[in-house]
Amino acid sequence: MSAEPVDVPIVGFRRWGVRRGELYSGIFVSGRFVPTPALTMVAPRVRPQPWPVGEARLAKCFALRGHEAPYSDCNCGLSAYYDLDEEPDQPAPDCVWGAIVAWGLVVECETGFRAQFARPIALLDAYNRHDFAHPGRRAAAAAEAYGIPVLARDDLIAYAGWHGELHEAA
Ligand SMILES: [Zn+2]
């Protein structure tokens, strides 16, 4: 499906890695940045850049031959899932999940979308079994930095619905 402008903002759910209160599209393993799988395929050595605070993030393609992001035949764009798992996977201690609102050009996929503009609206209050040293602290630090709440799963989904269109279950 090609990138189409959306009429109204849409919301989705995604994972970040948190470092010093900033949200990254990837996780840090032993201090080394590991971008999300989609990003790794396009640009394995991309320099980590935090999501901006207080403003939207503009999608950028990191492929060698760049183009306006998102592009249908690429993996670029600010991605999110339509649905939030009951217990979303958190493969590292710095993982947090949350909701974004997205707009502009959007490529819709089966389980989620890739958008041109997005910003985080809330983070998920979830137990991360890898984060035994600082339970809940990373989400709280990022939430404070971005001025967004940390919410339980059902509240997060409801809150997201106030900010944009939730995907209708088929
Ligand atoms: Zn691309």
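**Exercise 1. The pairing of strand E9**

In which sense do strand E7 (residues 78-81) and E9 pair, and over how many bridges? Determine also which other strands pair with E9.

*Solution.* The structure is a predicted model, in which local features need pLDDT of at least 70, side-chain atom pairs count only at pLDDT 80 or more, and totals for chains, interfaces and linings use all residues. Residues are numbered from 1 along each chain as its sequence is written.

Step 1. Helices (H or I, at least four residues) and strands (E, at least two) are DSSP runs, numbered from the N terminus. Two strands pair if DSSP finds at least two bridges between them.

Step 2. E7 and E9 pair in the antiparallel sense over four bridges. Tyr81 stands opposite Gly112 in E9.

Step 3. Strand E8 (residues 95-108) is also antiparallel to E9, with nine bridges between them. A hairpin of three residues joins E8 to E9.

Step 4. Strand E6 (residues 57-58) runs antiparallel to E9 and is joined to it by two bridges. Ala118 in E9 is the bridge partner of Arg57, and Ala118 is also the bridge partner of Ala102.

Step 5. With strand E10 (residues 150-151), E9 pairs in the parallel sense over two bridges. Here Leu123 stands opposite Val150 in E10.

**Exercise 2. The surroundings of E9 and the nonpolar core**

Explain why E9 is described as largely enclosed, and identify the element that gives the largest share of the largest nonpolar core.

*Solution.* Step 1. A residue is buried if 20 or more other C-beta atoms lie within 10 Å of its own, exposed if 12 or fewer, and partly exposed in between; C-beta atoms are placed from the backbone. In E9 (residues 112-124), 11 of the 13 residues are buried, so the strand is largely enclosed by the rest of the structure.

Step 2. A nonpolar core is a set of buried Ala, Val, Leu, Ile, Met, Phe, Trp, Tyr and Cys residues joined through C-beta atoms within 7 Å. The largest such core has 41 residues, and those with the most contacts inside it include Val96, Ala102 and Ala142. Among the elements that give two or more residues to this core are E9, helix H2 (137-146) and helix H3 (153-163). The largest share, 10 residues, comes from E8.

Step 3. Two residues are in contact if their C-beta atoms, placed from the backbone, lie within 7 Å. Leaving aside neighbours within four places in sequence, the contacts of Ala102 include Ile10, Leu78, Phe113 and Ala118.

**Exercise 3. Backbone exceptions and loop residues**

Which peptide bond is cis, and is Arg20 buried or exposed?

*Solution.* Step 1. Most residues other than glycine have a negative phi, and most peptide bonds are trans. The bond from Ala69 to Pro70 is cis, with omega near 0 degrees. Pro70 is placed in the loop between E6 and E7.

Step 2. Arg20 is not a glycine, yet has a positive phi of about 50 degrees. Arg20 is found in the loop between strand E2 (10-19) and strand E3 (22-24). Arg20 is exposed, because 9 other C-beta atoms lie within 10 Å.

Step 3. Gly21 is found in the loop between E2 and E3 and counts as partly exposed, with 16 C-beta neighbours inside 10 Å. Leaving aside neighbours within four places in sequence, Gly21 is in contact with Ala141, Ala142, Glu144 and Ala145.

Step 4. Ser25 lies in the loop between E3 and strand E4 (26-29) and is buried, with 21 other C-beta atoms within 10 Å. The C-alpha atoms of Ser25 and Pro50 are separated by 7.5 Å, although these residues are 25 apart along the chain.
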